[in-house]
Structures are given as structure tokens and as C-alpha cells.
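Please work through the exercises below, each of which pairs a task with a stepwise solution.

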Amino acid sequence: MATQSTFKKCRDGLQQAIYAVINPFVHFMIRIGITPNIVTTIGLLGNLAAAVIFGYAGYICTDGQFSQWWLITLAGAVIILFSLFDMLDGQVARLGNMVSRFGALYDSVLDRYCELFTVGGIAYFMFASGYKISAFIAFLAMVGSVMVSYVRARAEGLDIECKVGFMQRPERVVVTSVAALAAGICGQCEVSFDPMYILTTAMTIIAVFANITAFARVAHCKRELTK
């Protein structure tokens with residue numbers, strides 16, 4: 001519990017630091033009439049673009065040979081850029097007094113789409129490149145990611161606060177995007193090891209810890225309901 005509490009404090013501190021940087025931009029968006037739902041939609045389109053880049057990378061891969069690693073670098077950069085909109089929409093809603101129940105629902109639904117698109121794109125890229133086991137691991141990462149969010153949503157429907165676990169959406173986005181950037185850069189630099197291992201390792205981390213987080217949330221709900 002102490003480790004999780006320390007992790008939460010560090011995470012909250014980092015989040016506040018990011019808010020301090022983006023708040024001037026948030027106020028600008030509010031002044032020109034941009035709503036939280038517009039911001040959320042832009043984030044979805046950006047993540048969809050990243051998925052398309054991964055898909056195209058898989059499409060042009062022939063006989064398991066892939067050389068256009070700059071595409072993977074680009075996809076990672078796009079994920080990082082447009083995942084910032086996941087923080088922007090909430091701040092626009094709060095600072096612009098536009099918080100709504102539908103906005104919260106819309107944000108949650110599109111977050112799931114964003115994650116399924118990007119990790120699905122990675123899975124396709126892996127499969128098309130001949131890394132079938134890696135693609136299966138990416139599929140497990142998708143399952144874990146969805147279940148983490150589903151358990152929380154179901155718990156909140158039962159009036160249980162359920163935010164336990166280490167592999168929440170921000171952590172998954174960071175792991176995915178950084179791995180894509182690193183794999184792409186290493187691929188362009190023609191390192192001695194296979195850059196696909198970087199993506200595989202990232203998907204393995206998400207697959208393991210996201211599913212652990214999902215079951216940890218189930219256990220947390222059981223304890224709360226027992227009380």
C-alpha cells in the first residue's frame with residue numbers, strides 16, 4: 001500500500017506540473033470557443049491516424065522484411081501528441097465550466113477507441129511482419145487495457161471508487177508511445193538487435209500489468225462489497 005501511495009503522489013505531482021504548462025493553451029481554446037467534446041474528438045482522430053500509420057507499415061512489409069522504421073517513429077510521436085488531448089479535454093471542461101455527464105461518458109468511450117485503434121495497429125504491424133507471437137501478446141495487452149477500464153466503470157455503477165493498480169491509461173499510453181519511438185529510432189540507426197523486440201517488450205509489460213490491475217480492481221471491489 002505504501003508503494004502504491006508513493007506512486008500515486010508522484011503521478012499526481014507530474015500531472016499538476018503538466019497542467020501548469022498546458023493551462024495557458026487551455027484558456028486560449030476556451031476563448032476561441034473550443035468545447036471539451038471537440039478536443040476529445042481531435043484526440044481520437046490523432047490516435048486513429050497513428051493506427052493507420054502502423055497499419056500501413058504492416059501493409060508495405062514484404063516477406064517479413066521491413067526497413068521504413070521512420071513510420072514507427074512517426075506513429076509514436078503522433079500517439080504522444082494526440083494523447084495530450086486526453087488531458088486537455090478535462091481541463092477545458094473544468095476551467096471553462098463545461099463539465100457534463102455526457103462529456104464524461106463521451107471521453108471514456110473515445111479513450112477506449114483510441115487505445116483499441118493504436119494497440120490494434122501495432123498488433124497488425126507485428127502480424128504482417130511475421131511476429132505472430134508478438135501480435136498475440138499485443139492482443140492480450142488490448143484485452144487487459146479494456147478490462148481495466150471496464151472493471152472501474154462497473155464498480156462506479158455500484159458506487160465503488162476503483163482507481164487501484166499501476167497500469168492505468170496514462171501509463172499504458174506512455175509505454176506504448178515511448179516504445180514506438182525507441183523502436184523506430186533504433187530501426188533507423190540499424191542497431192545490432194531487432195527493434196521489434198522493443199515493441200514486444202512494451203506490449204508484454206502492458207499485457208501482464210494491465211491484466212493484473214484488472215484483477216486487483218476486482219479484488220478491491222470484492223473487499224468493498226463485503227464491507
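**Exercise 1: an aromatic pair in helix α1**

F28 is partly exposed, its relative accessible area being 38%. The model is a predicted one.

Task: Determine how the rings of F25 and F28 are arranged, and where the two residues lie.

Solution: Begin with the location, since F25 and F28 both belong to helix α1 (residues 2-31) and sit three residues apart, about one turn of the helix. Next take the geometry: the ring centres are 6.4 Å apart and the planes of F25 and F28 differ by 20 degrees. Planes under 30 degrees apart count as stacked, and the pair of F25 and F28 is accordingly stacked. Finally, F25 is partly exposed as well, with a relative accessible area of 42%.

**Exercise 2: helices α5 and α7**

Task: Classify the packing of helix α5 (residues 101-128) against helix α7 (residues 169-189), and describe the residues of the contact by class.

Solution: The axes of α5 and α7 are 12 Å apart, and the helices pack at an angle of about 25 degrees. Because angles under 35 degrees count as roughly parallel, α5 is roughly parallel to α7. The crossing of α5 and α7 is left-handed. On the α5 side the contact is made by D111, R112, C114, E115 and I122, and on the α7 side by R169, R172 and T176. Sorted by class, the residues of this contact of α5 with α7 comprise five charged, two nonpolar and one polar.

Technical notes: Residues numbered from 1 in each chain as written. Predicted model: local features only at pLDDT ≥ 70, side-chain atom pairs only at ≥ 80, totals over all residues. Heavy atoms only, no water. Axes fitted to C-alpha atoms, helices over the stretch in contact; angles between N-to-C directions. Helix = DSSP H or I, 4+ residues; strand = E, 2+ residues; numbered from the N terminus. Parallel < 35°, antiparallel > 145°, perpendicular 65-115°, else oblique. Left-handed = near helix turned anticlockwise from the far one by under 90°. Contact = heavy atoms within 4.5 Å. Nonpolar A, V, L, I, M, F, W, Y, C, P; charged D, E, K, R; others polar. Phe/Tyr/Trp six-rings, centres within 6.5 Å; stacked < 30°, edge-to-face > 60°. Buried < 20%, exposed > 50% of the residue type's maximum accessible area, 1.4 Å probe, protein only.
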